[in-house]
Amino acid sequence: MTATATKIRPLGDRVVVKPIQKEEVTKSGIVLPDTAKEKPQRGQVVAVGPGRLTDDGKRLPMEVKVGDEVLFAKYAGTELKIDDEEYLILSEKDILAVLSE
Amino acid sequence: MTATATKIRPLGDRVVVKPIQKEEVTKSGIVLPDTAKEKPQRGQVVAVGPGRLTDDGKRLPMEVKVGDEVLFAKYAGTELKIDDEEYLILSEKDILAVLSE
Amino acid sequence: MTATATKIRPLGDRVVVKPIQKEEVTKSGIVLPDTAKEKPQRGQVVAVGPGRLTDDGKRLPMEVKVGDEVLFAKYAGTELKIDDEEYLILSEKDILAVLSE
Amino acid sequence: MTATATKIRPLGDRVVVKPIQKEEVTKSGIVLPDTAKEKPQRGQVVAVGPGRLTDDGKRLPMEVKVGDEVLFAKYAGTELKIDDEEYLILSEKDILAVLSE
Amino acid sequence: MTATATKIRPLGDRVVVKPIQKEEVTKSGIVLPDTAKEKPQRGQVVAVGPGRLTDDGKRLPMEVKVGDEVLFAKYAGTELKIDDEEYLILSEKDILAVLSE
Amino acid sequence: MTATATKIRPLGDRVVVKPIQKEEVTKSGIVLPDTAKEKPQRGQVVAVGPGRLTDDGKRLPMEVKVGDEVLFAKYAGTELKIDDEEYLILSEKDILAVLSE
Amino acid sequence: MTATATKIRPLGDRVVVKPIQKEEVTKSGIVLPDTAKEKPQRGQVVAVGPGRLTDDGKRLPMEVKVGDEVLFAKYAGTELKIDDEEYLILSEKDILAVLSE
C-alpha cells in the first residue's frame, strides 16, 4: 500500500484492492488456478468504504479491513491506476473470502 | 465550477459532475488507465441532489458534496452541456470513491 | 403550457412535460449536446401526478412542480399530442434535474 | 360501456378499458400522434379491480374509476372480445394518465 | 369439474383451471378474439391453493374460488391431464378477471 | 422411499422427490400429458427442508411433507442418483400441487 | 481438510467446499449421475462464513458447518487452488442438501 492509495475514500460498501500477481510470494501460500492467469483474483485491501446505507439510514458494518488479503470474483470491479500502480475498486459483495496467515 | 452549473438542482440521489480530462493536473495526482481514454472516469462535483427518498418517506444522506473530486463508473450517467462546458448527471451509486488531497 | 394540458391528470409519480426545442431561448441558458439533437432532453412540467403509492399506502411527495424546467433521460417516457402540440409523460425517476434561473 | 362489460370483475389492480379509435370525437379533444396509429393508447375504463394486495394484506386504493378516459402504454395489456366489441385488460400501472373534461 | 379434479391440492397461490373451448356455450356469453384460437384463455376454477405465504408467515387471501369462470394470460401455467381431461395449474397473478353471470 | 434417501437433509425450502414414471400405477390415477414424456412431472416427496429463512430470521413452514405425491414444474430442480435410483432436489416453489387420494 | 484450508475466512453466507471425486469412497454411498462427470456436485465443507447480513444488521445463521458433506448446484461457485488442492467458494444458497451418515 502506498501513501497515495490512502487518498481514495470509497463510497458505500466499496473497497480498494491492490491485486497480487501470481508470481509474488504471499503470506498465505495460496496459488490461483490456471484459469485465473489473465486477471488476478487475489489482492490486498488498501481502503474501505463506510458500509452500505440501508433504507432505514443505517450503515451495515464492513467485514474486511485495510491490510486484509482477499479473494475476489474474477472480472469484478473497476480498474484504476494511482502513481503508476494498478488498483481495483470492488463492492464488498464481490469479495469472497479473507485469507489469514 | 461555473456560476451556471449552480443553476442545476439534481433530483433524488443524483449528482452533477464536471469531468476532468486526463492531461489536466489534478490535486490527487491520480492518472486513469489507458482503457479510460475515450471517456473520463474522474470529475468534480458541482451539484448534489437531496438524497434518495425511501419508501418510508425519508431522505438518505448523500456521501458526496460540492467540490469533491470523484471517480465514477465508465459509461455511467447522462451528458449535458451548459454554457459550452460538458457535464454529467450521475446517480450517487455510480460514484465509486472520493479522492482527497 | 396550454389550457388543454391541464386536462391531463397523470397517475402515480408521472409528470407531463412539454419538450423545449434546442433553438428556443430558455431562461437558464442551457444548451443540450449534439447527441441530443433527435430527441429533446429538456422540457417544462405542465402536470404532476399525486406521487408514488408505497406498500404502506403512503404517497411519496413529488420533487417537481408545474412550471419547472427539467432535464430528463433521453428516450424516456411516452409521447402524446394534445391540440397539435407534443408532450411526454414521464415517471419522475426519469427526470434528472430541475433548472433554476 | 355495454351491459356485458360489467360482467367482468378484474383481479388485483387490473382495469378493463374500451379502446377509443382515433377518428372518434372525444370529450377532451386529445389526438394521439401518428406513431400510435396501429394500436390505440386511449380508452374508457369499464371495470376496475379491488386494488393490489400488499404483503401486509392491505388493498392499495385504485386511482382510476369506471367512466374515466385514460391514456395507457402502447402494447400494454391483454386483448379480449365481449359481444363483438374489443377490450383490453391492463394493470393500473400501465395507465399513464386520466383525461378530464 | 370431475371428482378427480378435487384430488389436486394446489400449493401457495396456485389455481387449477379447466379450460373452456371457444365453441362451448358459456354463461357469460364472452367470445375470445381470433388470436386466442390456439390456446384458450378462459376456464373454470376447479381447485384453489391456500394463498401466497408472505415473509411474515401470513397467507394472503385468494380472490378466486372454485366454480369461478376466469380469464387468464395466454401461455400462462402448466398443462396436466386428469382422467383424460386437460387442466392448467396457474398462479393467481396470471388470472386477469372473473366473469360473472 | 429407500433408507438411503433419508440420509439427505435438504437446505432451506428444498425438497427431495422420487420421480414417478408414467407407466407406474399411482394412487391418484393422474396421467401426465404427452408433452411430459421426456421428463416426469410427478413424484413422491422423500425429504423436506426446514423451510425458507426470512430476513427476520424466521423459518416459513413447508406446505409438503414426506410421502406426499406432488406435481412439479418440468425442468425444475437438480437430478441426483442414490444407490442407483434417481431423485430430484427442488425448491418448494417449483412444486405446483399435492395429489391426494 | 488441510491446515491451509482453515486459513480461508469466507465472507457473508459463503462456504469453502473441497469437491469429492466420483471414484472416491464416501460415507453416504451416494453416486452422482453421469451428467455430473465433468464437474463434481458433492464436497466437504472446510470453512463457513458468518452468515448473510440483513438490512436490519442481523446475521442469518448458517445451515451448514465445517465437516458436512454437501450437494451443490453444478457450475456454482468460484474455483481456487490452495497448496495444490482444488476448492470451491459457494454461497450457501447454492448448497442443495447435507448428506448424513
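Author: Let's start with the word contact, which here means heavy atoms within 4.5 Å. This is a predicted model, in which local features need pLDDT of at least 70, side-chain atom pairs count only at pLDDT 80 or more, and totals for chains, interfaces and linings use all residues. Residues are numbered from 1 along each chain as its sequence is written, chains are lettered from A in the order in which they are written, and side-chain values use heavy atoms, without hydrogens and water.

Reader: Thanks! How many residues does the contact take from chain B and from chain C?

Author: Chain B gives 21 residues and chain C gives 26 residues.

Reader: And what area do chain B and chain C bury between them?

Author: Buried area is the accessible area (1.4 Å probe) that two parts lose on being put together, summed over both. For chain B and chain C that is about 2000 Å², with 52% of it on carbon and sulfur atoms. On the chain B side, Lys7(B), Leu11(B) and Asp55(B) lose the most area to chain C, together 31% of what that side buries.

Reader: How many salt bridges does the rule find across this interface of chain B and chain C?

Author: The rule asks for a side-chain nitrogen of Lys or Arg within 4 Å of a carboxyl oxygen of Asp or Glu. It finds 2 between chain B and chain C. In one of them, Asp55(B) meets Arg52(C) at 2.6 Å, N to O.

Reader: Which strand gives the most to the side of chain B that touches chain C?

Author: Strands are DSSP runs of E, at least two residues long, numbered from the N terminus. S1 (8-10) and S6 (78-82) of chain B each supply at least two residues of that side, and S6(B) gives the most, with 5 residues.

Reader: In what sense do S1(B) and strand S8 of chain C pair?

Author: Two strands pair if DSSP finds at least two bridges between them. S1(B) and S8 (residues 95-99) of chain C do so over 3 bridges, in the antiparallel sense. Among the partners, Arg9(B) is matched with Val98(C).

Reader: Now to the other interface: what does the contact of chain A and chain B look like?

Author: It takes 22 residues from chain A and 26 residues from chain B, and about 1900 Å² is buried between the two chains. Lys7(A), Leu11(A) and Asp55(A) supply 31% of the area that chain A buries there. Glu63(B) forms a salt bridge with Arg59(A), their closest N and O atoms being 3.3 Å apart. S1(A) runs antiparallel to S8(B), joined by 3 bridges, and Pro10(A) has Ala97(B) as its bridge partner.

Conventions. Helix = DSSP H or I, 4+ residues; strand = E, 2+ residues; numbered from the N terminus.
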